[in-house]
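Reader: I'm new to this one and would like to learn how to read it. Can you walk me through it, step by step?

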Amino acid sequence: MSDTATSEHPEPATGAAGEHSDADHDEGHAHPSDWAYAKIAIVLAVITALEVFTYFETVLDWGVALVPSLIFMMVVKFYLVATWFMHLRFDSKLFGRMFTAGLTLAVGVYLVTLTVFEFWV
Amino acid sequence: MSAEPLVADHGHAADEDGHDEHATTTGLSHTKLAMWVFLGSECLLFGGLISTYLLYKTRGNGRTLPTDVFDIPFTSVSSFVLLMSSLTMVLALSAVSRGEDEAGRTWLLATALLGGIFIGGQVYEFTTFVREGVAFTTNPASSAFFTLTGFHGVHVSLGIVMLMSLFVASVKGKLTQRNAETVEIVGLYWHFVDIVWIFIFTVIYLIPAD
Amino acid sequence: MAITEKTPLELGPGDTARYVERPLGVFTRPQGGRGWRDWLSTVDHKRIGILYGASAMFFFVVGGVEALLIRLQLAAPEGSVLSADVYNQVYTMHGVTMVFLFIMPLAAAFANYFIPLQIGARDVAFPRLNALSYWIWLSGAIFLNTSWIVGGGGADCGWFCYATNSGVAFSPSHGVDFYAIGLQILGIASLVSSINLIVTCLNMRAPGMTLMRMPVLTWMLLITQFLLLFALPVITVALFLLMFDRLFDAQFFNPDAGADPLLWQHLFWIFGHPEVYIIILPAFGVVSEIIPTFSRKPLFGYEFMVFSGIAIGFMGWGVWAHHMFVSGIGPISVAAFSLSTMFIAVPTGVKVLNWLATMWGGRLRFTVAMKFAVATVAMFTIGGLSGVTHSVAPADTQQTDTYYIVAHFHYVIFGGGVLGLFAGLYFWWPKVWGHFLNERLGNWNFWIMLVGFNLTFGPMHILGLQGMSRRIDTYARGYGFEFWNMAATVGSLLIAVSVVVFMWNVVKSKRDAPHLPPPGPDPWDARSLEWSIPSPVPEHNFDTVPQVHGRDDWWHNKYAENDEGTVVRVATVEEAAQTGEATGVHLPSPSFWPLAVAVGLPLIGYGLIFNLWLALIGALLTIASLYSWAMEPVDDPDATHDHHDDEATEGSSTEGDQP
């Protein structure tokens, strides 16, 4: 994964070096306002509240949907923090590739390990 | 820990290309790229610890499991606190990069404070667990639980140390708009620690262990 | 050209270290120079590369002595050179030393020295972190070996240290504690270094040096760094759990408490299999530089070389459980990992074929470096083929834990890795030191090593198939093991002789150098950028940062096609090469803090094992040094900034566009 990430990279790396530097300079303008960050935080808070509600089964019985919905909400939160607060939306793709390389590798390798341990059955 | 790019200095070839003194091949900052590479590596570290816990979470050796003593409402509050510290962190960066040092300091301090509350909550949680019969050496499940959350706690604590260092640097006037990137780098680390907790909170605490 | 005639270790007159007098004594910021103290504070990637290389050779001798002890013990039945307990420690430490303290740092030496030179950079992205990597590595290496003295013996659980053998019950000395903590320290070193070199490769290439123009050595080293980056955290987790089990009574590998010892095996081999490629890929890179040079042909199938390297790096993550076919992981897992293991032979085969195709029809020059490179290809192929036999699970069940396995991985690691890196030593020696290694002694070195190697490890295939277990400290008469064991022991002594010849070669070549013509910038008529600058490399590497127009750019500066389409020489080396005489090149300032940070880590290690107060002192030292480091500007404002003379600084920075 990591390696493919870098190997896709050659053209933008050198060809567009100048443009990248320019983008770096107006970082301040490209980034969202404080209010946008606050809105993301509100969304995160709402999702967290939803997650915690699943714990109180009396409020709503989630049944078999429980684990998938929890995972889904987790992924959304993860994604929002990574893309907005960590600026992956606005920054060079290379950063995201380095990170997702590690992330996918970790998820893949450890899922296989748990599978070999017959964790899911 | 910022490093000076050395590639293009005084090289006339670089100048022909219109690079300035600090240009890098990709135009990206060394330090920021290094931090992202490091975070990619951290994924495998936390992944290993999380998998260890998942594998062991029901192996109690006939004694109390961590899942038996989880206090979900309490952990929810401390998780929420850590989540909100990501907002204050990003606001700190935003303020520093606009040159508002005063506001930057406030948000840095707020972030460190929220992190501190989280750590305080974790210390409380750990002592309660031990009182209720789940200590580090009780069973494989408890060893894995304390190692994972403790490891995360150490990461948060290191983050707090870095935030306070930034705060002190700012008070001394050494942290200005020009080196806002330092705040961004520390911020990346802080947000990463936060997203690891997002993962832990769901997978370890919320998903019921049958 | 004064600079080219001076070896880096030499202290020239009037060129001593320039320390600024300040009341802080030793912690006065060093100013750079050529005294011994400057090696402690250096941030020059070339010097750090040399430090890595020299230390690696030292530990090669240490690991080699351990190997000889093993072979002496096994030379005849009922050997009594070592007790069973000491034998366990010796073979464990032999493996750990050779992998972590010899091959990896030797590869790191090549990475440090040549990545910046091959991509046209003046240093790595983070020079001080680079120094930190080396010092942490050295402190970890020393820490690991002090367990012989203060730990009650070395680790005795094999280099992969399976649970539950690694538990306190079966390994009561502190050896495994030193193993667990020592490898964590070494891991920090490699992790820091991998981040540094990845950023260097991506971010510090000279103008025009696209990724697909990078020399294959740099490519393979880059892939190695990614493997390190992602594999080290996994072993760190495993070592962490082991350390907690042993020192703080955690229950991770205690089957009585319901834990699963297989967890260790998985974590270890998720790291351990990429580690195999961490060891071999640098040697592949070295061979890929040497074979084209001495065949006078461009590397056949550059893209295939690069992508098969990437494929090996990627697929290396999906085969780890083939080390565990007899561990009871279930038939589906065994089948899946068998299959993935067979697939990974494909990109490796691609590489071998490409090297052969590079030599095909070339004008071959069999220098010592070329001989080592060709031997690498041949020996690695043998090791690779026996590896494919392991991927067949039923056969592997028969081979597991026999000498057949020992034979296989020595053919891969010694035949591939070590021979390949020796090829690199002979190839780049003139670039690093400004004089050749003696070719005649080099031939002795090569042939004795090749014969000795095959005599040592070839018979182990037979012994393994005859059923001789590995890790046994002795064997009884009458199993038919006697002859081949004696042969292997004789072979190991030959390897030792060849290493002595190499050492003698190093000394003799240095002594003879003043009477021989200097090699000049490009003695082999080679292809990549490091040959376009003087030998030894000036401190600032490049006078001007090169503009790269294509692959093998340096070659194309020397040769071009004429109208008839034949390749003709268009420039002599002297015309095309840089003179190394530039002054006023801005270099990062040296620093003592990396060394100070590194000293704290083994203290933490000893503290965890013996007394937590010591750990506290180590931690405080590390933290204090890190803060001092952070406070220290990258460029010393008081420094002269310039290793030649002050006056030239202003004059030569013609463009002068500092912000």
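Author: Happy to, and keep in mind that this is a predicted model. Let's start with domains: chain A is split into domain 1, residues 31–90, and domain 2, residues 91–121.

Reader: What distance separates the centres of domain 1 and domain 2 of chain A?

Author: Going by C-alpha atoms, the two centres lie 21 Å apart. Where the domains touch, domain 1 of chain A brings five residues and domain 2 of chain A brings six.

Reader: And how do people put a size on a contact like that?

Author: Interface size is often given as the accessible area lost when the parts come together. Here, domain 1 and domain 2 of chain A bury about 440 Å² between them, and carbon and sulfur atoms account for 67% of that.

Reader: Which three residues supply more than any others of the area that domain 1 of chain A buries against domain 2?

Author: That trio is Phe78(A), Leu88(A) and Phe90(A), which together give 74% of what domain 1 of chain A buries against domain 2 of chain A. Sorted by class, the domain 1 side of this contact has three nonpolar residues, one polar and one charged.

Reader: How many salt bridges and polar contacts cross between domain 1 and domain 2 of chain A?

Author: For salt bridges between these two domains, the rule finds zero. For polar contacts, the count is one residue pair, with both residues at pLDDT 80 or more.

Reader: Let's turn to helices. Why does the end-to-end distance of H7 in chain A agree with its number of residues?

Author: Helix H7 of chain A covers residues 93–116, which is 24 residues; at 1.5 Å a residue they should span 34 Å, and the end C-alpha atoms are indeed 34 Å apart, so the two agree. At its start, a side-chain oxygen of Ser92(A) comes to within 3.1 Å of the backbone nitrogen of Leu94(A). Just past H7(A), Glu118(A) has a positive phi of about 55°.

Reader: Can we try the ruler on chain C too?

Author: Sure. Helix H2 of chain C, residues 45–74, has 30 residues and should span 44 Å; its end C-alpha atoms are 42 Å apart, which agrees. At the start of H2(C), a side-chain oxygen of Asp44(C) is within 2.9 Å of the backbone nitrogen of Lys46(C).

Reader: What about backbone oddities?

Author: Most residues other than glycine have a negative phi, and most peptide bonds are trans. Glu78(C) has a positive phi, near 50°, and sits in the loop between H2 and helix H3 (84–119) of chain C.

Reader: Where does chain C have cis peptide bonds?

Author: One runs from Ala163(C) to Thr164(C), with omega near 5°; Thr164(C) is in the loop between helices H5 (147–150) and H6 (175–203) of chain C. Another joins Ser535(C) and Pro536(C), with omega about -10°.

Definitions and conventions:
Residues numbered from 1 in each chain as written. Chains lettered and ligands numbered in written order. Predicted model: local features only at pLDDT ≥ 70, side-chain atom pairs only at ≥ 80, totals over all residues. Heavy atoms only, no water. Domains from an automatic or database assignment. Contact = heavy atoms within 4.5 Å. Buried area = accessible area lost by both parts, 1.4 Å probe. Salt bridge = Lys/Arg side-chain N within 4 Å of Asp/Glu carboxyl O. Polar contact = N/O pair within 3.5 Å; in protein donor to acceptor, adjacent residues only side chain to side chain. Nonpolar A, V, L, I, M, F, W, Y, C, P; charged D, E, K, R; others polar. Helix = DSSP H or I, 4+ residues; strand = E, 2+ residues; numbered from the N terminus. Expected span 1.5 Å × (residues − 1).
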